[in-house]
Every structure is written in structure tokens, then in C-alpha cells.
Amino acid sequence: MVQRHGADNFSKDGRPSGLLDFSHTVVEVPPPAGWEKKLAASMPSLRRYPQPYAVGLASFIEKRLRLPAGSVLVGNGLSECLSWIAQSLRGKPVVLETPCFGEYAVWLSRHGALTREVGADEPWSPEWPRLQKALKGAASLWLADPANPSGLLLSSDELRERAEFCSKQGILLVLDEALRAQALKDPGDRSIALAVKKPGMLVLRSLGKGLGLPGLRLGFVVGHPREIAKLGQYTDPWNVGSLAQAMGPWILDQEIRGSRSRRRVLASWKKDLLARMKEGLPSGCLAPRPSDTGFFLARLMGRRDDSRTLVLEMAARGILLRSCASYGGWGLGYLRLNVRAPGDNQRLVATLGKLYAKT
């Protein structure tokens with residue numbers, strides 16, 4: 001069975017499969033030194049119930065990012081935060097800029113929103129004029145920065161254009177920045193500055209993916225305090241575990257402090273993988289596409305035109321890849337690759353090379 005989203009690297013009995021995983025979008029740079037010591041020091045928090053609504057962590061985030069009080073809600077991963085927003089849009093028309101994370105439509109449908117996808121016929125986000133026309137009568141626009149699976153970032157002008165249009169039309173702009181730690185250039189805090197300025201925009205960020213610690217399941221949403229207060233009615237007490245709350249301030253600090261070195265490592269690893277693909281694969285068999293992140297799309301060429309088949313063949317050889325088939329019909333011809341350290345990159349290319357040599 002081909003995985004829909006990647007990152008499920010477990011056997012049926014719940015044990016790690018041992019596959020070399022290029023399928024997810026977690027930053028593979030190792031956590032900073034001392035993370036295990038910090039984790040051990042936080043273990044006593046498990047002897048208490050979590051603080052309801054993680055208000056202490058929310059307050060820390062507000063102060064660390066210089067945001068107004070009451071502008072942050074913390075969730076059990078970004079997924080929970082997106083689910084709150086989906087609940088708030090029950091019965092309302094929502095436009096999704098696609099291709100995008102497949103669970104957007106699942107959450108919105110589950111909570112009774114009326115979803116329309118725009119741009120799903122190609123691997124790139126739709127041009128703004130096309131998207132703008134599709135927003136007539138919409139209550140909300142959901143998009144990601146960087147985009148998934150293309151790994152492209154919005155420019156400052158593109159972000160401002162979308163935010164201003166949605167504000168004037170009374171459209172709630174939902175901006176998913178879950179993968180910002182993958183960006184190879186500093187995206188800054190332009191989005192949250194817009195979000196807290198006035199109601200009508202929500203920005204979502206992940207905590208932990210940037211340190212290679214996604215298992216803590218931490219995410220948060222930023223918006224104007226009035227927007228956050230409305231969203232708060234959909235939250236539940238004790239939603240974020242005590243250990244995650246205890247680790248949260250350290251994780252945010254480390255992600256901010258280490259962002260520059262992380263970007264340098266990701267850029268180096270990406271350069272390494274692209275060079276190995278060019279030198280180690282038959283000419284024209286796998287064509288990488290430009291991206292602004294450590295992950296990127298690669299188009300299958302020649303006779304291997306179904307990425308699902310290739311994923312299965314590679315899994316049998318101990319390597320987990322991500323087919324883009326779930327993003328739309330075009331995805332049958334694409335993989336999304338997340339870079340790893342040079343030794344892992346070499347194993348990927350060598351294994352792909354042997355498979356292509358047989359066709």
C-alpha cells in the first residue's frame with residue numbers, strides 16, 4: 001500500500017520499520033546538543049495533569065515573538081489548530097489553493113464547510129488572478145507558505161496582495177506555515193505582523209519539526225486577539241501534554257537561534273543530493289524541479305511514469321519515498337523528496353540507479 005502522506009514509518013505492530021525515510025517533510029538535521037538532557041529534566045512534568053489550554057506556553061510564545069497578549073493558541077500539533085478553524089467555518093464556503101496538504105479538505109468536510117479546490121490540475125499553485133476570481137462569495141482562503149508539495153515560498157508582495165484582498169472582501173485568510181523551517185532563506189515574521197494587526201487572518205506554525213522532533217506534537221496559531229478569542233471556543237482543556245508544554249519554550253528558542261545554521265546545512269544537503277542525482281542516474285530519468293526548501297519535486301521520465309509503483313519498489317529495498325499521486329492526477333508522474341545527510345543521499349541514488357538500469 002502506497003502511503004498518502006509519508007511519515008508513517010512503522011510496522012503493523014507499531015515498531016519502527018527501519019526504512020530510510022525520504023518521504024516526510026521533517027528537517028533531518030539532528031536536534032541541538034543537549035536535547036536529551038533537556039527532555040530528561042522535563043520528565044517530572046508527566047506527574048501532573050497538563051496546564052489547561054497550554055496558556056503558559058502561549059504566553060511565552062507571545063513574549064518571545066513580541067506579539068500582543070491573547071494572540072496565540074497552542075495545539076496538539078498543527079493538525080489540531082487547523083481542525084479548530086475548520087469547525088469555525090461550518091456551513092461556509094472555503095477555497096483551498098491546491099495542490100496542498102490533503103487533510104485540509106478532510107477537516108473542512110468533516111465539520112460541514114463547503115470546500116472548493118482551485119489549481120489541483122498541476123503541481124504549482126494557481127496564478128493570483130485565477131484564484132482571485134474563485135474567491136467570489138468565499139468566507140475563507142486556505143494556503144500554505146512554503147507550498148506543499150512544490151516547496152515554493154510566497155514573495156512579500158504576493159503575501160501582501162493576498163492579505164489585503166482578503167481583508168477588503170471580509171475573507172478569513174488561513175496561512176499554514178508548518179514547513180517554514182525547511183525554507184532555505186529566512187522568511188521572517190512578515191505574516192504574523194499582518195495577522196495581529198487586525199482580525200481576518202490566522203497564521204499557523206509548527207514547533208518541533210525544525211529540530212527534528214515532530215513526535216512532541218506541538219503547533220500554534222497566531223491572530224488578532226479578537227480572532228483568537230473566537231477560535232478559543234473550539235479548544236479543549238488538557239489538549240497539549242505536560243511534556244510537550246515543558247519542552248515548548250526550549251524548542252522555540254532553539255529553532256530561532258539555530259535557524260541560520262539549519263538553512264546552511266539544508267542547502268548543502270540539497271546541493272549534494274541534486275549533484276548525486278545528476279551524476280549517478282541515467283540521463284533524463286528523474287528531473288528535479290526548483291524549490292525554496294530542502295524538499296523538492298522530481299518528475300519521473302522515460303518508462304517509469306507511475307510514482308506509486310516506484311515507491312513500492314523502493315520500499316522493498318529499504319527506502320521510503322513519497323508519491324505525489326494523492327495531490328491529483330499529475331502526481332502519478334512525480335515524487336517529493338526530502339533531503340538527508342550525504343551518506344543517505346548516496347544510498348538513495350545508488351538504489352534508484354539500479355532500478356532504472358533494469359528498465
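## Close-up views of two pockets

**View 1. The largest pocket of this predicted model holds about 650 Å³ of space.** Its lining is made up of 31 residues, and those that lie nearest the centre of the largest pocket are Thr25, Ser79, Phe101, Lys209 and Arg217. Two or more lining residues come from each of helix H3 (77-88), helix H4 (103-110) and strand E7 (201-207).

**View 2. Helix H3 and the character of the lining of the largest pocket.** With 4 residues, H3 gives the most to this lining. Sorted by residue class, the lining of the largest pocket comprises 14 nonpolar residues, 9 polar residues and 8 charged residues.

**View 3. The second largest pocket has a volume of about 480 Å³.** It is lined by 24 residues, among which Arg180, Glu255, Ile256, Ser259 and Arg262 are the closest to the centre of the second largest pocket. Strand E7, which also gives two or more residues to the lining of the largest pocket, supplies at least two residues here, as do helix H9 (242-257) and helix H10 (259-280).

**View 4. Helix H10 and the character of the lining of the second largest pocket.** H10 gives the most to this lining, contributing 4 residues. By class, the residues that line the second largest pocket divide into 11 charged, 9 nonpolar and 4 polar, whereas for the largest pocket the division is 8 charged, 14 nonpolar and 9 polar.

Key: Residues numbered from 1 in each chain as written. Predicted model: local features only at pLDDT ≥ 70, side-chain atom pairs only at ≥ 80, totals over all residues. Heavy atoms only, no water. 1 Å grid on protein atoms, 1.4 Å probe; cavity = no way out; pocket = protein on both sides within 12 Å on 5 of 7 lines; lining within 4 Å. Points joined across faces, edges and corners; volume = space filled by probe spheres on them. Nonpolar A, V, L, I, M, F, W, Y, C, P; charged D, E, K, R; others polar.
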